[in-house]
Amino acid sequence: MTEDEIEGHIEAINTQKRKTINIAYDKNKKLLQSIAKHTEKIKEGCKKLIEETDPQLTEEGVQKITKKGKIYFRSLKAINAFAHSVDGHFSDFKVPDASHKMTSSELNQFIRVLSRLINEVAREKNVADSIMGLDFMIKKRIIYVPLSKLGSDLNKIRDLQKEEYIVVKALEDLIGLSTDVKDILKQIDTTKEELNALQNEYEVLGTSNKSTEKEYTLLLENPLIQESRKRGIRMTELEIEIGRHLNSFKKIFKKYTREVQRGTFSGEFGLVNTALAYEKNPVQRFLGEEAGSPEIVELLEELVRVGESNLHLKQKNINNLNRELENIKQGIMDLRKKEWHDILAAKENDEASSEFKTINAGLKKHEKELQALKDELIEKEDEIALKNKEISQLSESLSERRERAAEIEKAVLEIQD
């Protein structure tokens, strides 16, 4: 949507409803003149009543009207108080310049002020009327008549607001929409520029990321690194194999140490320490043992011996302990342990070289750079998504204003002159 579309709606209303617009301003002018005239009459009437009644309420004045009775005196006080009150209300009331073409919001605000003023005066008028006697019927007309006409003018200006001024308000709303459209279009242009900048930054980061990944891959393909990684993988495989044999006994190791510590039965201090170590990390403890693994052999033998009587193990668990004990005694587990240590020694030897350290440092550096680039790319993707969302929302706002402008024009043009 463009500003020209809004201008088209404004021009259509100005052209087809020119007469109604002129009538609105002309009626408003005449009503403001009438309200100003009646306001002045009310002020003059208040002044005249005050000048007339104030002296009668002095000590000397009261003595002169004593013969007229209490009802007259109460009525006099009531009309005097009413005149002072109305004079106070109208002292701050300003009627807008009749030559000024009021906006719909100005008219609305003026109607609210005038309505509130008339309502306040009406409440005080009712109080005064409930007190004043027939003697004051003529006196109070000096204020009551222009007040009545002011009320009539309020009704007329309200009708004006609901009728001809609807067209004026429609034009003002369209002008407001035109300003909105101008601001939104400017925001869209600015947001698109920001989006383009972000997309360029994203492309630069992507290029840098690809370049770093290529360098990282070349370092990974170095024979020293490849061999070191293969060795690391094999060591992990051996640890998993060893763990398959020993990890299942962790609960039995824990049960043994707990029962000995409770004093359920006696056990050697060294065996308890071995059991504690194997409970915590069976694989690393086994790899740390010397050839033949005497500690785990002794512990398994002890567990087989006390398993049924003291630990109340199931026969299946005792059979598993016997099977593992036999594997270890036959050296099957030691073969894995030896292979693991041989690989570790070779791995440590290669990794001690300056060439490996240089290449590995490069790998770590590139890994750090790749992670930072990945984080930046994700951040840029989020920012780009946010900008696209902003553009979409701004476009929706334009569509809403297009629909609103069309609705305003249609509603106004349907009004019968």
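**Entry 1. Lys347 and Glu351**

I looked up the pair Lys347 and Glu351 in this predicted model and found their side chains joined in a salt bridge, with 2.6 Å from N to O. Both residues belong to helix α14, which covers residues 332-351, and because they stand 4 residues apart there, about one helical turn separates them. I then checked how much of each partner is accessible. Lys347 has a relative accessible area of 18% and is buried, since the cut-off for buried is under 20%. Glu351, at 25%, is partly exposed.

**Entry 2. Lys365 and Glu369**

I turned next to helix α15, residues 354-413, where Glu369 and Lys365 are 4 residues apart, about one helical turn. I noted a salt bridge between Glu369 and Lys365, whose closest N and O atoms are 2.7 Å apart. For Glu369 I recorded a relative accessibility of 28%, which counts as partly exposed. Lys365 also counts as partly exposed, at 47%.

I also followed salt bridges that share partners. Arg234, Glu237, Glu241, Arg336 and Glu339 are joined in this way into one network.

**Entry 3. Lys30 and Asp26**

In helix α2, residues 18-53, I examined Lys30 and Asp26, which are 4 residues apart, about one turn of the helix. Their side chains meet in a salt bridge, and I noted 3.4 Å from N to O. Is Lys30 buried or exposed? Lys30 counts as exposed, with 52% relative accessibility, the cut-off for exposed being over 50%. Its partner Asp26 counts as partly exposed, at 36%.

I searched the whole structure for interactions of this kind and obtained 26 salt bridges.

**Entry 4. Charges over the chain**

I located the mean positions of the 70 positive and 76 negative charges of the protein chain, and these two positions are 9 Å apart.

**Entry 5. Glu164**

I looked for Glu164 and found this residue in the loop between α6 (137-162) and α7 (165-220). Its relative accessibility is 13%, so Glu164 counts as buried. Which residues does Glu164 contact, leaving aside its neighbours within four places in sequence? I listed Thr20, Ile23, Ala24 and Lys27. For the location of these contacts I referred back to helix α2, which spans residues 18-53.

**Entry 6. Asn360**

I placed Asn360 in helix α15. The relative accessible area of Asn360 is 24%, so this residue is partly exposed. I then took the C-alpha to C-alpha distance from Asn360 to Leu377 and obtained 25 Å, for a separation of 17 residues in sequence.

**Entry 7. Positive phi at Ser293 and His312**

I checked backbone angles in two loops. Ser293 has a phi near 50°, a positive value in a residue other than glycine. I found Ser293 in the loop between α11 (282-288) and α12 (294-306). Its relative accessibility is 0%, so Ser293 counts as buried.

His312 likewise has a positive phi in a residue other than glycine, near 55°. This residue lies in the loop between α12 and α13, the latter helix covering 315-329. Is His312 buried or exposed? At 61% relative accessibility, His312 counts as exposed.

**Entry 8. The chain as a whole**

I counted the secondary structure elements and recorded 15 helices and 0 strands in the protein chain. Why is the protein chain described as more spread out than a compact globule? Its radius of gyration is 50 Å, whereas the globule rule gives 22 Å for 417 residues; the chain is well over that value and is therefore more spread out than such a globule. I also took the span of the C-alpha trace along its principal axes and noted about 135 × 65 × 40 Å.

I then looked at burial and contacts over the chain. Buried residues make up 37% of the 417 residues. Of the contacts with a separation of 6 or more, 82% come from residues 24 or more positions apart.

My last look was at the surface. The protein chain exposes about 24800 Å², and carbon and sulfur atoms supply 50% of that area.

Note on methods. Residues are numbered from 1 along each chain as its sequence is written. This is a predicted model: local features need pLDDT of at least 70, side-chain atom pairs count only at pLDDT 80 or more; totals for chains, interfaces and linings use all residues. Side-chain values use heavy atoms; hydrogens and water are left out. Buried means under 20% relative accessible area, exposed over 50%, partly exposed in between (1.4 Å probe, protein chains only). Contact means heavy atoms within 4.5 Å. The radius of gyration is taken over C-alpha atoms; the globule rule is 2.2 Å times the number of residues to the power 0.38. Accessible areas come from the Shrake-Rupley method with a 1.4 Å probe; for residues, only the protein chains shown count as cover. Lys and Arg count as positive and Asp and Glu as negative; His and the chain ends are not counted. The place of a charge is taken as NZ of Lys, CZ of Arg, CG of Asp or CD of Glu. A salt bridge is a side-chain nitrogen of Lys or Arg within 4 Å of a carboxyl oxygen of Asp or Glu.
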